[in-house]
Amino acid sequence: MTLNLEAFNCNELDQRKAYLLSPFGLGDTAILCGLKSEIEKAYQEQVILVVKESHETILKMYEIEEYETYKNCRFDSNSNLLKIISDSVKFPQKGKLYVAHYDWSPKRRLLHIQDGNLFFGMLDFYKGFLGLTWECDFRYPRQVPRSIFVEDQLKIKLKLKGINAPLNKICLLIPEVHSLSPLPVKYWCDLAEKVKDDGLIPVTSVCSEDFEIPGIKNVSLTLQELITFSMLSAKVISMRSGLCDLIWPKGKDLYVVYPDIRTYYWGRLKSIFPDSDATEVIARS
């Protein structure tokens with residue numbers, strides 16, 4: 001079932017289950033997937049995640065079979081719809097839709113006292129507003145999606161852009177970011193030149209033209225294609241974003257860029273996925 005949130009009615013929901021809405025980015029949905037079983041233990045209720053249609057791939061990575069989707073839309077911190085839902089449902093409960101993000105939690109002011117605390121990161125915010133123990137289990141994705149069909153579609157899209165190189169000769173650059181401070185385009189232009197010096201072909205895959213790098217070809221991809229591209233390419237250099245939470249198994253050839261040291265401590269990939277061998281870079285100390 002695809003929910004129409006604009007005309008949402010709780011009568012559409014199974015009254016035996018609690019529904020958790022993921023309103024923002026890929027990383028938020030990935031963290032909710034990783035905490036799902038702990039949330040169910042804490043509230044003694046079956047949890048159904050409600051995610052954007054474009055996030056379905058994430059649910060499949062975690063082998064979560066029962067979930068709901070809603071039409072893709074970008075909520076922001078001023079969303080009237082999220083305010084209405086969060087004001088009426090303060091915690092996960094049966095037959096209700098709960099906004100599962102700390103900035104819409106009654107605990108948000110208490111949690112934001114920790115702003116600037118270098119030892120209280122993004123995952124801690126989630127555990128805090130959901131009322132989970134600090135030691136609770138966080139599960140990793142069970143699989144990275146792999147499909148010959150998706151690989152073929154990816155190669156077709158690259159060829160349409162005039163990119164005929166093998167995937168393992170390409171470096172994927174992801175300068176796009178929505179919740180963090182972006183870096184100057186010169187930073188990425190300089191990186192692209194270094195990539196060329198290393199004998200690789202730099203390619204971007206960004207949605208907004210604002211993040212395209214002059215002279216570098218940009219390819220529009222589905223999430224599954226983007227994950228596939230990331231895992232098969234020679235190297236990925238990405239701003240810290242939700243994509244990194246999905247491709248962390250790439251290892252040392254994943255370069256995660258943080259705009260500053262505070263962001264590094266807030267969202268450090270290895271604090272969420274300690275098994276990650278990703279190379280983490282702070283652009284401005």
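I take contact to mean heavy atoms within 4.5 Å. The model I am reading is a predicted one.

**Entry 1: Glu 225**

I looked up the surroundings of Glu 225, setting aside its neighbours within four places in sequence, and found it in contact with Val 150, Gln 153, Leu 154 and Lys 157. With Lys 157 I also noted a polar contact between the side chains, at 2.8 Å. I located Glu 225 in helix H8, which runs over residues 223-232. Is Glu 225 buried or exposed? I recorded a relative accessibility of 6% for Glu 225, so I class this residue as buried.

**Entry 2: Leu 223**

I then turned to Leu 223, which also lies in helix H8. Its relative accessible area is 13%, and I therefore entered Leu 223 as buried; the cut-off I applied for buried is under 20%. Which residues does Leu 223 touch, once neighbours within four places in sequence are left aside? I listed Leu 26, Ser 54, Thr 57, Ile 58 and Leu 246. I also checked Leu 223 against His 55: the two are 168 residues apart along the chain, and I read 7.7 Å between their C-alpha atoms.

**Entry 3: Cysteines**

I searched the whole structure for disulfides and found zero. Why does Cys 189 form no such bond? The closest cysteine sulfur to that of Cys 189 belongs to Cys 171 and is 14 Å away, which is too far for a bond; a disulfide would need the two sulfur atoms within 2.5 Å. I noted next that Cys 207 is in no disulfide either, its nearest cysteine sulfur being that of Cys 244, at 15 Å.

I also looked up how accessible these two cysteines are. Cys 189 has 25% relative accessibility, so I class it as partly exposed. For Cys 207 I recorded a relative accessible area of 77%, and I therefore class this residue as exposed.

**Entry 4: A nonpolar surface patch**

I examined the surface for nonpolar side chains and recorded a patch of about 420 Å². Which residues make this patch? I identified Leu 118, Phe 119, Ile 261 and Tyr 265. I followed up Ile 261 and placed it in helix H10, residues 261-267. The relative accessibility of Ile 261 is 42%, so I entered this residue as partly exposed.

Notes:
Residues are numbered from 1 along each chain as its sequence is written. This is a predicted model: local features need pLDDT of at least 70, side-chain atom pairs count only at pLDDT 80 or more; totals for chains, interfaces and linings use all residues. Side-chain values use heavy atoms; hydrogens and water are left out. Patches are made of residues with over 30% relative accessible area and no salt bridge: like charges are joined within 9 Å, nonpolar side chains (Val, Leu, Ile, Met, Phe, Trp, Tyr) within 5 Å. Accessible areas come from the Shrake-Rupley method with a 1.4 Å probe; for residues, only the protein chains shown count as cover. A salt bridge is a side-chain nitrogen of Lys or Arg within 4 Å of a carboxyl oxygen of Asp or Glu. Helices (H or I, at least four residues) and strands (E, at least two) are DSSP runs, numbered from the N terminus. Buried means under 20% relative accessible area, exposed over 50%, partly exposed in between (1.4 Å probe, protein chains only). A polar contact is a pair of N or O atoms within 3.5 Å; within protein, one must be able to donate a hydrogen and the other to accept it, and residues adjacent in sequence count only if both atoms are side-chain atoms.
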